[in-house]
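The following exercises concern the chain shown below. Please work through each task before reading its solution.

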Amino acid sequence: MDLLIENARVWDDRGLVDIAVSDGRIAAIGPGLGQDAARRIDAAGRAVLPGFVEPHLHMDKALLY
């Protein structure tokens, strides 16, 4: 496993979970995965959200032009 994000909040109404990432993709989500990983991040109860990326942009409408 490449990355293990520990103690992450994914859902408001459930306990903290670990997120295992392998080859750039989420391999598992669950409590106490505790597997060996090349890199570990302790989220310390913080929320983990998907990237907010919007590649489609109207420069004039976003007042950036």
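Helices (H or I, at least four residues) and strands (E, at least two) are DSSP runs, numbered from the N terminus. The model is predicted: local features need pLDDT of at least 70, side-chain atom pairs count only at pLDDT 80 or more, and totals for chains, interfaces and linings use all residues. Residues are numbered from 1 along each chain as its sequence is written, and side-chain values use heavy atoms, with hydrogens and water left out.

**Exercise 1. Determine which secondary-structure elements the chain has and in what pattern they follow.**

Step 1. The chain has four strands and zero helices.

Step 2. Along the sequence, the pattern reads β-β-β-β.

**Exercise 2. Describe how E2 pairs with E1 and with E3.**

Step 1. Two strands count as paired if DSSP finds at least two bridges between them.

Step 2. E1 and E2 run antiparallel and are joined by four bridges. In this pairing, Leu 3 stands opposite Val 21 of E2.

Step 3. E2 also pairs with E3 (residues 25–30), in the antiparallel sense, over five bridges. Here Ile 19 lies opposite Ile 29 of E3.

Step 4. Two residues separate E2 from E3 in a hairpin, and Asp 23 in its turn has a positive phi of about 55°.

**Exercise 3. Identify the residues of the largest nonpolar core and the strands that supply them.**

Step 1. A residue is buried under 20% relative accessible area, exposed over 50% and partly exposed in between (1.4 Å probe, protein chains only). A nonpolar core is a set of buried Ala, Val, Leu, Ile, Met, Phe, Trp, Tyr and Cys residues joined through side-chain atoms within 4.5 Å.

Step 2. Six residues form the largest such core: Leu 3, Ile 5, Ala 8, Ile 19, Val 21 and Ala 43.

Step 3. Strands E1 (3–8) and E2 (17–22) each supply at least two residues of this core. The largest share, three residues, comes from E1.

Step 4. E2 is mostly covered, with five of its six residues buried.

Step 5. Contact means heavy atoms within 4.5 Å. Not counting residues up to four places away in sequence, Ile 5 touches Val 17, Asp 18, Ile 19, Ile 41, Ala 43 and Val 48.

**Exercise 4. Locate Trp 11 and state its accessibility.**

Step 1. Trp 11 is found in the loop between E1 and E2.

Step 2. Its relative accessible area is 33%, so Trp 11 is classed as partly exposed.

Step 3. Leaving aside neighbours within four places in sequence, Trp 11 is in contact with Val 17 and Ile 29.
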